[in-house]
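Thanks for making time this morning. I would like to walk you through a few places in one model, mostly charged side chains and what surrounds them, so please have the structure open as I go.

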Amino acid sequence: MESSKSLAAWEKSQQLIPGGVNSPVRNFSKVGGHPRFIERGAGSKIYDIDGNAYIDYVASWGPLVLGHAHPSVVEAIRSVALNGTSFGAPTTRETELADIIVNAVPSIEQVRLVNSGTEATMSAIRVARGYTGRDKILKIDSCYHGHVDYLLAKAGSGVATFGLSDSGGVPEDFARNTLTVPFNNPDAVREAIEANPDEIACLILEPIMGNMGIIPPREGYLDQLREITEEHGIVLIFDEVITGFRVAYGGAQSRYNVTPDMTCLGKIIGGGLPVGAYGGKRDIMRCVAPEGDVYQAGTLSGNPLAVTAGITTLKQLAEPGVYEQLEDRAATLADGLAEATQKHGIDAWHSRVGSMLMLYFTSETVTDADGARTADTERFQQYFWGLLERGVYVAPSQFEAGFVSLIHSEEDINNTIQAATQVLANLV
Ligand code: KE4
């Protein structure tokens, strides 16, 4: 497969941009080799600068649930741009997007638009701290919520120890108030709360883990978290940056029928342009400036282009049959991959919720980050490159997610299964 132009582009970009990329996961460090520089996307496919075409399951890490360059999204952006790109003043479009979100997401009575998922989670936690007057936060091991200093903390040795910084440039003191517990373990949450009575402002989690592959909540887990946090006056925050409008129109909270106090959104609500959002119960959101004393701001928050791309995308998702189609296409793909690993005697754990899925190369079951870490990343690397050479682009890391979009055709799915079967047949 020709990739000399991408290699040359990679050599140049590394001179000017740290690691040659504007976000670490793009640089293929988890699978080796060099990244493919993308020229364009159309529907279910992306095309690199060497002219190779790929069926795309990264979907810009989730936002492109309608596929690339969806005509109505592109047209909406084009027409809005003719009237200006940003005013630093309110527009009715922002209210329209807020209205869609409030009506779709059970926990959200008021919402503030920001520019990324990181901003959304950072702001939601600040509001939870302001609302409760408490400093400590509880998070789940290996849930990722963006690059917020005190969320780049790793689990200490004990089950519920204080966070230790997990990134350069983050002082230990910044992680000190961050407690980390394993996913799918309500007792660990209870223990952490009992060990820090009346000190924990919030519990933030991805209701379906999407940053260690795909790990669904065990039956009843989310309900138990709702109960425990309610009991202790702890703000329950669902980080639905990935799952919002992905696994259901109302997100994971509507799929599992568990309503948190606050929700963070991103990705899909921007339709491929930079939008994040955080929202929740009115009496919590009234803490946010200028109404309340919890400060949060953003020059381009709610700008017309990004908001319009989001509105256009969400309107398409509100159409009947959308989530059934996503479910159906993703199930066909997941079943085909499972059949292929069984046929070739490959140890694998298959995980799927709605249109997000991941295949782990392990003989273990994967119910938390420790389970995910048993995966054979060498085998994943072979799988990744085998698929790429056959024109299928999956996430360049065992610990990310795959996304099926509305534009993936039955032919795309069948071609992907065929390619995966060939690759799995030759795995060593
Ligand atoms: P951003 O700041 O990247 O928009 O969103 C941060 C974020 C927050 N919460 C969840 C659950 C997330 O998954 C993310 C970002 N996701 C990663 C990939 N899993 C984005 C890709 C990247 O970092 O380049």
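Let me begin with E231, which counts as exposed because its relative accessibility is 58%, above the 50% cut-off. Please keep in mind throughout that this is a predicted model. E231 sits in helix α7, and on the surface E231 belongs to a patch of negative charge that it forms together with E191, E194, E219, D223 and E227. Two helices, α6 (186-195) and α7 (221-231), each contribute at least two residues to that negative patch, and it is α7 that gives the largest share, namely three residues.

What lies on the buried side of α7? There we find Y221, L222, L225, R226, I228 and T229, which are buried, and the buried residues of this helix pack against β5 (136-140), α6, β9 (200-205) and β10 (235-239). If you follow the chain just past α7, you will come to G233, which adopts a positive phi of about 65°. One of the buried residues I named, R226, also takes part in a network of salt bridges, where R226 is linked with E230, D261 and K281.

That brings me to the salt bridges more broadly, of which the count comes to 15. As a general point, side chains of opposite charge can pair when their charged atoms come close. I have picked three pairs to look at in turn.

The first pair I chose is E75 with R78, a salt bridge in which the closest N and O atoms are 3.0 Å apart. Both E75 and R78 belong to helix α2 (residues 71-81), and they are separated by three residues, which is about one turn of the helix. In general, an α-helix has 3.6 residues a turn, so residues three or four places apart point the same way. As for its surroundings, E75 counts as partly exposed, with a relative accessibility of 40%.

The next pair is K136 with E199, again a salt bridge, with 3.1 Å between the closest N and O atoms. Here K136 lies in strand β5, whereas E199 lies in the loop between α6 and β9, so this pair ties together parts that are 63 residues apart in sequence. Is K136 buried or exposed? With a relative accessible area of 11%, K136 is buried, while its partner E199 is partly exposed at 33%.

The last pair on my list joins the side chains of E410 and R329, which meet in a salt bridge at 3.8 Å, N to O. This one links distant parts of the chain, since E410 is in helix α14 (residues 410-425) and R329 in helix α11 (residues 322-343), 81 residues apart. E410 counts as exposed, with 52% relative accessibility, but R329 is buried, its relative accessible area being 16%.

Before I stop, I would like to turn to a loop residue, P106, which lies between α3 (92-104) and β4 (110-114). P106 counts as partly exposed, at 43% relative accessibility. Which residues does P106 contact, once its neighbours within four places in sequence are left aside? They are G250, Q253, S254 and T259. By contrast, G130 is 24 residues from P106 along the chain, and the C-alpha atoms of these two are separated by 22 Å.

That is where I will end, and I am glad to go back to any of these places.

Conventions. Residues numbered from 1 in each chain as written. Predicted model: local features only at pLDDT ≥ 70, side-chain atom pairs only at ≥ 80, totals over all residues. Heavy atoms only, no water. Patch = residues over 30% accessible without salt bridge, like charges linked within 9 Å, V, L, I, M, F, W, Y side chains within 5 Å. Areas by Shrake-Rupley, 256 points an atom, 1.4 Å probe, with all protein chains shown as cover. Salt bridge = Lys/Arg side-chain N within 4 Å of Asp/Glu carboxyl O. Lys, Arg positive; Asp, Glu negative; His and termini not counted. Charge placed at Lys NZ, Arg CZ, Asp CG, Glu CD. Helix = DSSP H or I, 4+ residues; strand = E, 2+ residues; numbered from the N terminus. Buried < 20%, exposed > 50% of the residue type's maximum accessible area, 1.4 Å probe, protein only. Contact = heavy atoms within 4.5 Å.
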